Structures are given as C-alpha cells and as structure tokens.
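User: Could you walk me through one part of this model up close, namely how its strands pair up, and then place that part in the rest of the chain? Keep it relaxed, but please be specific about residues.

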Amino acid sequence: MMRWSAMLLLGVTVPLAAQVATPDRPVTDPASIASPANPQARPVPIDDIGATRGLAGVTWSADGKQIFVSTNITGRFNIWRTDAAGSWPVQITQSDEVQSGLVASRDGQWVYFEEDVGGNEYADIYRVPTGGGAVERLTQTPDIAESDMLTSAQTDWIALSTKLKSEGQSNLAVMGPDGKVRNLTAEKDPQFNWGPVAFVDNGKAIIANRARVDSREGEVWKVSIADGKAVKLLGAKDVRYEAADATADGSLLAISTNEKTGQDHAGVYRVADKSWTWLKPTPWEQLAGGFIEDGKALVARTNADTRSTLTRFDLASRTETPLPLDPGVNNLTGAQPLSPDGRMLLTTRSGADSPSNLYVVDLAANTARPATQLAMASLTPAVLPKSSVVTYKSFDGTLVSAVVTMPFNLKRDGSNPAIVIPHGGPTSATQDGFSQYAAAFASRGYVVIAPNFRGSTGYGDAFQNANYKDLGGGDLKDTVAAKQFLVSTGYVDKAKVGIFGGSYGGFMTLMAIGRTPDEFAAAVQWFGIINWNTMYRDQDERLKAYQRGLLGTPDENPDVYKASSPLTYLNAAKAPLLTIQGENDIRVPRGQAQEVNDLLKAKGNIVETVFYPQEGHGFDRRENRLDSLRRTVAWFDTHLKGKPAK
C-alpha cells in the first residue's frame with residue numbers, strides 16, 4: 001500500500017513544490033510513440049492469459065539433479081519435480097491451497113513448504129518426500145505465520161521467520177526435523193522484521209536482516225543458534241543495509257545499502273576489517289544477489305528504469321559480466337538459487353511479449369536455457385503487444401517514468417481508448433516485464449500506461465519518500481499526467497481513458513475518480529483502500545505498522561488521514577466502477593470494498609462489486625483469476641468502447 005502537496009490538502013498556502021530529484025534521463029517526445037503494423041495481431045484469448053502458469057516457489061534437490069517448483073498447471077499452486085537436465089514435470093502434491101516457499105532437506109529426503117488457508121497469509125510448514133507420498137504437517141499454529149525458510153548444508157536446522165497475529169513484528173527462528181520451532185530473537189518494536197539470509201560458522205550461526213517494514217532502515221546481524229546471542233554487523237539510523245548472502249565462513253557479506261548515496265547500491269563487506277568492495281557506481285537501483293565461485297564473485301541485479309539485468313562481479317579484478325539473459329525483468333529465484341555443486345543458477349525472466357519463465361544459467365559456459373514452459377502456446381512474441389519505457393514531466397517538473405504497451409495497427413487519429421494502471425505498494429514499482437493485464441488490454445486496442453509515480457522504488461530515496469503523509473496527492477497528479485502523456489501522442493481520445501489498479505493501485509483508482517472526476521471515464525479497482533481509518537482498525541498488525549510509516553497514526557494525524565482517504569472525495573465520483581475483493585484479505589480487509597459499494601450505490605452510481613471466497617490479497621485459484629480478468633476487460637469494453645455487457 002502511497003504529493004497535491006499535503007500542506008495544500010490541509011488548507012495551508014505554500015509555494016509550488018520543488019522538483020523531486022531522480023536519476024537524470026531525457027524526456028520522451030510523445031510523437032515518438034508509434035503503433036507497429038502487424039498483420040498477425042489478434043486479441044489474445046483471455047482464457048489463455050489467465051491459464052498461463054506462475055511460480056510460487058523453486059528449489060534445487062540436495063544433489064542438484066532435480067528442481068522442485070510450485071506452479072499452477074492444474075489451476076492450483078502445487079509442487080512438481082523435474083530433472084535439472086530437462087524432463088516432463090511430475091506432480092508430487094495436490095491441494096486447493098497455495099504451496100510456496102520451497103526448500104529441500106540436506107539429506108535429500110524431503111521438500112519443505114509453506115501452506116496457508118484461503119490466502120490468509122498465516123502459513124504452516126509441511127513437508128513431502130522428494131519421491132512423492134504422504135504430506136506431513138509440521139506446525140499447526142493458526143495464530144502464527146511461519147515463512148522464509150532456509151536450509152543448512154551442515155546441520156538439520158531450518159531457519160525461518162515467525163510472526164504472531166497479535167503483533168506487527170516478526171522474529172528469527174529455527175526448526176528441527178521434528179517440526180519444533182524455537183525463536184532466536186525477541187523483537188519488541190512492531191515496526192521491525194527479522195529474516196534469515198545464510199548459515200555460517202559450520203551451521204552454528206545465521207546471518208540475518210532486521211528491517212523496518214516501511215524500508216526506511218535495515219540492519220545486518222549474526223545470531224548464534226545455540227543461545228540466540230546476536231551481534232550487529234551493520235546498522236545506522238535511517239540507513240538501509242540488507243544482506244543477500246554470506247560466504248560459508250561468514251567473512252564476506254553481499255550487501256545492498258543506500259548509505260551516502262540515497263540510492264541502493266551493491267557491495268561486498270569484509271567483516272574482519274570492516275572494509276568494502278563496491279560495484280561500479282550507477283544512478284539506478286542496484287541490489288546484491290548471491291555469492292558464486294566460493295565467494296570469489298558476486299551476482300548483482302541492476303534495475304535501470306524498469307528493466308533489470310543480472311551481472312557477475314569478480315571481486316579480485318572488479319570486472320562485471322552480464323549473465324546471458326535477454327533484456328526485461330531478470331531475477332535470481334528461490335531461497336538458495338545456486339546449485340549444490342556451484343555450477344548453475346536458478347533465475348526468472350520475463351518481457352512485455354514473453355511471460356515469466358524459469359531459467360537455468362550455466363556459469364562456466366555463460367549460457368542460459370529454460371527449465372520450464374509456463375506460457376500457453378498462443379502467448380508468443382509474434383502476437384503479444386510490445387512495450388516502451390517513457391519519461392514525462394509531472395506537475396512540478398519531476399521526472400516520472402512509465403511503461404507504455406502499444407496495440408498494433410492503430411491510427412493516430414485521437415480516437416482510441418486507453419487504460420492507466422497505477423501499481424500497488426506504494427513501496428514498489430512497475431517493471432517492464434509481462435503483465436497479463438497490459439497484454440489483455442493492448443491486444444484489444446487499448447493503449448496502456450503504467451506509471452512509476454512518486455513513492456515508487458528504484459529512483460532514489462527522495463522520490464521514494466516524496467509521498468510521505470501525502471498519499472493520493474502528488475502521486476495522483478503523476479498518474480493523471482500519465483493520461484495526459486498518452487493523449488499528447490495523438491492516438492488517444494481523452495474521453496475514453498479508464499483507470500485500473502489493485503491494492504495501492506486500487507486506492508489510486510478510487511482517489512482518481514473522486515479527486516479528478518472528469519479525468520477517467522471508467523474504473524476497475526481490486527482490493528483498494530477507501531478509508532485509512534478503518535484500514536488501521538481492521539488490517540493485520542504488520543500492515544498497520546507499514547501504514548504508520550506512511551501516514552503516522554489516526555490519532556497523531558487526523559487531518560492527514562482525512563485528506564488521504566478516498567472516502568473524503570467519492571461523493572464527486574462519476575465513473576462506472578467495478579470492485580473485486582477477496583474475502584480473506586488481511587492486507588486490505590473486505591470491509592473496504594463494502595464501504596465503496598455502499599457509498600456509491602447510495603448515490604446512484606453505476607457500481608458492481610464481486611467477492612471471492614477463499615481468496616486473500618490477490619487471486620490464486622484459476623477460476624477466480626479467469627473470472628476477475630474477464631470481468632475487468634468486459635467492464636472497460638462496455639464503458640469505454642460502448643460494447644453491450646454480456
């Protein structure tokens with residue numbers, strides 16, 4: 001969950017806000033945006049988009065000969081096994097619930113995984129034999145969430161995080177083969193969470209992160225498994241340090257930090273003498289990944305304005321070599337991406353015209369090959385719309401980037417419909433990878449723009465923090481400016497622009513139709529926020545802590561809460577609104593959608609609201625994924641194109 005200046009919202013006259021600093025880049029000429037000709041273009045079937053599989057977890061087997069993945073081939077995220085060299089996948093579990101967070105036991109006997117109930121995010125730990133068989137439930141703690149498992153190569157301990165339903169904070173813990181969990185930390189501050197990074201010292205200690213839930217501060221600790229004694233290795237007030245890996249002896253740490261630069265950058269920290277080895281400076285977000293070659297090299301990820309690359313960094317020569325993955329969105333994946341023999345890495349990659357897939361990178365040969373095929377056959381680069389990254393100036397001169405997905409074969413005659421998609425978070429960002437929504441819309445003639453408004457990550461701390469106590473203010477103006485950019489291309493009819501988003505994107509959708517009622521002709525919001533006061537009352541304690549990081553508390557800042565709630569403005573809303581919500585959502589509780597529905601129906605607006613049982617913050621069951629996508633496309637077809645509802 002996210003600047004109009006907050007002072008202006010409170011009725012205080014101030015000068016026009018100064019431009020927020022971001023990495024320097026050229027402004028895009030709207031006339032440079034073009035619709036390519038493509039005689040093969042056709043609407044991509046919604047059923048094929050909705051049935052394209054995803055990944056909820058991946059891990060190597062103990063011997064590195066097999067890969068276990070959680071994917072929804074059957075419509076449910078269950079666990080499958082495939083040979084690392086390539087084979088037909090074999091299903092080893094079946095459940096209606098999402099099975100995620102996979103790790104393999106060091107003896108090769110078990111795959112451990114998390115499973116919650118209907119998306120309620122309070123997972124227990126289970127295990128299944130690697131050869132298939134009966135699933136064993138190891139924890140049965142409905143009021144405790146267990147997550148972020150990590151296995152040791154030297155012992156049978158599994159490191160993990162635990163969180164009580166009654167608390168915002170999480171703790172570092174270990175679990176034995178018997179399923180008994182023992183907390184190693186006793187965090188008192190509800191704003192902070194602990195997470196395991198790596199076992200060190202022959203499996204006797206854990207490198208762990210202790211981080212604020214709003215991403216404004218992070219520390220790195222070494223914690224003894226025997227007695228929980230914790231030593232802080234890195235930390236400073238209002239500075240982020242985040243470890244991604246450690247060498248087996250704990251002497252080197254792979255670190256991302258915003259220290260001194262106000263932008264995340266990657267380096268290797270030598271614990272003994274507190275010295276650093278840094279990657280080459282870049283204005284863009286750069287994150288440490290994992291060590292390879294027994295600590296002689298590091299894999300790092302650079303996110304350069306929505307597109308990411310993975311790079312091998314040699315510590316001795318300080319040379320950087322890109323991994324062999326096509327441009328798009330590239331990530332290491334799994335709790336431990338490096339194969340047990342150190343030769344291969346598990347990565348994911350997607351692009352606007354290529355859905356996400358799992359890849360195996362051979363480090364010695366510097367080659368990559370797909371380990372899965374998750375997309376339906378119809379979703380090919382030949383027919384999927386293409387994207388471009390654009391930069392425009394917002395109301396105060398601040399540079400804002402966005403991903404534009406352009407339909408094929410459009411006339412530049414100002415007649416076409418468009419959809420603006422604000423992302424969730426807000427401590428997040430749109431990446432230029434595959435979006436099922438952009439693919440569905442753009443292949444049906446909608447020009448799509450997804451802006452990285454102020455509050456987004458990847459553009460430096462000043463930009464990320466620019467919406468503090470101003471949610472739905474300046475970031476909404478950035479979003480309206482995205483619509484104006486599309487209109488200025490000459491393709492888009494300003495009276496046929498819709499807005500669609502989920503979570504904070506849903507909040508932005510509600511703010512947009514309330515605060516700027518003449519800008520958007522139709523709207524769809526999934527699990528968005530209407531009222532920050534009732535959110536604070538009803539949501540999970542961890543999200544409550546996150547909300548305090550953005551707005552303070554309702555008692556401290558009642559005027560800010562009022563100014564930042566769509567409830568304050570929705571009486572002015574005109575656009576037809578579709579709302580879709582999961583019944584079990586602990587992040588944005590069901591009551592938020594009900595408030596939206598009741599308010600707009602009472603004033604006579606066109607409004608429809610759909611609730612899905614057994615779903616949380618997002619829809620994991622295939623029938624609900626398909627239904628929600630069909631309804632969303634049909635809503636815009638009806639209210640932007642004038643097609644009759646079916």
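Analyst: Let's start with the rule for pairing: two strands count as a pair if DSSP finds at least two bridges between them. Keep in mind too that this is a predicted model.

With that rule in hand, take the sheet ordered 13-14-15-16, which is open, has four strands and pairs in the antiparallel sense. Its edges are strand 13 (192-200) and strand 16 (230-234); each has a single partner strand, so one side of each goes without a neighbour in the sheet. On average, neighbouring strands of this sheet are turned by 30° against each other, ignoring direction. At the strand 16 edge, the partner is strand 15 (residues 218-224), and the two run antiparallel, joined by four bridges. If you want a spot to click on, try tryptophan 221, whose bridge partner in strand 16 is lysine 232.

Further along the chain there's another sheet to set beside that one. The order here is 21-22-23-24, again an open sheet of four strands with antiparallel pairing. Strand 21 (285-292) and strand 24 (320-322) are the edge strands, each pairing on one side only. From one strand to the next, the twist averages 30°. Strand 23 (residues 307-314) and strand 24 run antiparallel and are joined by three bridges; arginine 312 is a good place to look, with threonine 321 in strand 24 as its bridge partner.

Between those two sheets in sequence, have a look at a hairpin. Strand 19 (residues 265-270) pairs with strand 20 (residues 275-278) in the antiparallel sense, over four bridges. Tyrosine 269 has tryptophan 276 of strand 20 as its bridge partner. Four residues lie between the two strands of this hairpin, and lysine 274 in the turn has a positive phi of about 55°.

Now for some parallel pairing, with strand 31 (residues 416-420) as the hub. Strand 31 pairs in the parallel sense with strand 33 (residues 492-502) over four bridges, and also in the parallel sense with strand 32 (residues 447-452), this time over three bridges. Alanine 418 has valine 497 of strand 33 as its bridge partner, while isoleucine 419 is partnered by valine 448 in strand 32. To get from strand 31 to strand 32, the chain passes through helix 3 (residues 436-442), in a right-handed β-α-β crossover.

How enclosed is strand 31? Five of its five residues are buried, so the strand is largely enclosed by the rest of the structure. In a regular strand, side chains alternate between the two faces of the sheet. Here both faces are covered, with Asn416, Ala418 and Val420 buried on one side and Pro417 and Ile419 buried on the other.

Leaving the strands for a moment, helix 8 (residues 541-551) leads back to the sheet we began with. Eight of the 11 residues in helix 8 are buried, namely Leu543, Lys544, Ala545, Tyr546, Gln547, Gly549, Leu550 and Leu551. They pack against strand 14 (205-212), helix 7 (532-538) and helix 9, and strand 14 belongs to the sheet ordered 13-14-15-16.

Just past helix 9 is serine 564, in the loop between helix 9 (558-563) and strand 35 (577-582). Is serine 564 buried or exposed? Its relative accessible area is 1%, and anything under 20% is called buried, so serine 564 is buried. Leaving aside residues up to four places away in sequence, serine 564 touches Lys469, Asp470, Leu471, Phe507, Met511, Trp532 and Leu551. Leu551 is also one of the buried residues of helix 8, which ties this loop to the helix we just visited.

Zooming out, the chain has 11 helices and 36 strands. Of its 646 residues, 60% count as buried. The C-alpha trace spans about 65 × 55 × 50 Å along its principal axes. A compact globule with 646 residues would have a radius of gyration near 26 Å, and the 24 Å of this chain agrees with that.

As for how far to trust it, pLDDT averages 94 over the chain, and 97% of the residues score at least 70. Residues 1-16 are where to be careful: pLDDT is below 50 over that stretch, which nevertheless has 57 contacts in the model beyond near neighbours in sequence. Where pLDDT is low, the predicted coordinates should not be read in detail.

Terms used:
Residues numbered from 1 in each chain as written. Predicted model: local features only at pLDDT ≥ 70, side-chain atom pairs only at ≥ 80, totals over all residues. Heavy atoms only, no water. Axes fitted to C-alpha atoms, helices over the stretch in contact; angles between N-to-C directions. pLDDT = per-residue confidence, 0-100. Contact = heavy atoms within 4.5 Å. Buried < 20%, exposed > 50% of the residue type's maximum accessible area, 1.4 Å probe, protein only. Right-handed = clockwise from strand over helix to strand, strands pointing away. Rg over C-alpha atoms; globule rule 2.2 N^0.38 Å.
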